[in-house]
Amino acid sequence: NNEKDARWKGLREAMNIIEEVLKTLGQFKMWQGPTPPETLEYKDVQKHRKSPSTYEPEALPTRLSPGQNYIFEALTTGCVTETLLFSVQPRLPPNLLLDPHSGEIS
């Protein structure tokens, strides 16, 4: 909690002044960040078949085979996916990568 830090109080006061000036000028717009997804699922997996650009959907496997390439596509509802940045905690196991822009795990 930063309530005791005088710098935060000064920053809040400056932000309030700027907000009032912008409202007076008719230029104030409240910032709205990205809406989080209502749901996030990984239902199907696309498995590499013949070439790196050829993937075919199949049911989500219960076990992954070493040396086989997979893509898990993120399926979201209730948001604009392009405004999201995906992350995962704890880290994924070695050789699995999360695309922070699409949510794909490969």
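I take contact to mean heavy atoms within 4.5 Å. With that in hand, I went for the contacts that span the sequence. Among contacts in the protein chain between residues at least 6 apart in sequence, 45% join residues at least 24 apart. Note to self: this is a predicted model.

**Overall layout**

I looked up the secondary structure next. I find one helix and five strands in the protein chain, and along the sequence they come in the pattern α-β-β-β-β-β. Then I checked burial: of the 106 residues, 10% count as buried. The protein chain exposes about 9,100 Å², and 55% of that area comes from carbon and sulfur atoms.

**Helix 1**

I took the helix end to end. Helix 1 covers residues 6-25, 20 residues in total. From first C-alpha to last I get 29 Å, close to the 28 Å expected at 1.5 Å a residue. Right after helix 1 comes Gly26, with a positive phi near 75°.

**Leu64**

I stopped at Leu64, in the loop between strand 3 (55-59) and strand 4 (70-72). Is Leu64 exposed, partly exposed or buried? I count Leu64 as partly exposed because its relative accessibility is 36%, and the partly exposed class lies between the 20% and 50% cut-offs. I then listed its partners, skipping neighbours within four places in sequence: Leu64 is in contact with Tyr70 and Phe72.

**Pockets**

I turned to the pockets. The largest pocket has a volume of about 240 Å³. Twelve residues line this pocket, and the closest to its centre are Gln68, Tyr70, Asn95, Leu96 and Ser106. I sorted the lining by type and got seven nonpolar, five polar and no charged residues. So Tyr70 is on my list twice, as a partner of Leu64 and as a residue of this lining.

The second largest pocket comes to about 160 Å³. Its lining includes Pro34, Pro37, Leu40 and Tyr42. The run Thr83, Leu84, Leu85, Phe86, Ser87 and Val88 is there too, and I also noted Leu98 and Ile105. By type, I have ten nonpolar, two polar and no charged residues for this lining.

**After strand 5**

I spent the rest of the session on the segment after strand 5 (75-77), where I found Pro90. Which way round is the peptide bond from Gln89 to Pro90, cis or trans? I read cis, with omega near -5°. I flagged the bond because most peptide bonds are trans.

Asn95 sits in the segment after strand 5 as well. Asn95 has a positive phi of about 75° although it is not a glycine. That went into the notebook because most residues other than glycine have a negative phi. I count Asn95 as exposed because its relative accessible area is 77%, and exposed means over 50%. Asn95 is also one of the residues closest to the centre of the largest pocket.

Leu97 was my last stop, again in the segment after strand 5. At 58% relative accessibility, Leu97 counts as exposed. Which residues does Leu97 contact, leaving aside its neighbours within four places in sequence? I get Leu92, Glu104, Ile105 and Ser106. Of these, I had already met Ile105 in the lining of the second largest pocket and Ser106 in that of the largest. I also checked Leu97 against Ile71: the two are 26 residues apart in sequence, and their C-alpha atoms are 9.6 Å apart in space.

Note on methods: Residues are numbered from 1 along each chain as its sequence is written. This is a predicted model: local features need pLDDT of at least 70, side-chain atom pairs count only at pLDDT 80 or more; totals for chains, interfaces and linings use all residues. Side-chain values use heavy atoms; hydrogens and water are left out. Helices (H or I, at least four residues) and strands (E, at least two) are DSSP runs, numbered from the N terminus. The expected span of a helix is 1.5 Å times one less than its number of residues. On a 1 Å grid over the protein atoms alone, a cavity is a set of points where a 1.4 Å probe fits but cannot get out, and a pocket is an open set with protein on both sides within 12 Å along at least five of seven lines; lining residues have an atom within 4 Å of a point. Grid points are joined across faces, edges and corners, and a volume is the space filled by probe spheres set on the points. Ala, Val, Leu, Ile, Met, Phe, Trp, Tyr, Cys and Pro count as nonpolar, Asp, Glu, Lys and Arg as charged, and the others, Gly among them, as polar. Buried means under 20% relative accessible area, exposed over 50%, partly exposed in between (1.4 Å probe, protein chains only). Accessible areas come from the Shrake-Rupley method with a 1.4 Å probe; for residues, only the protein chains shown count as cover.
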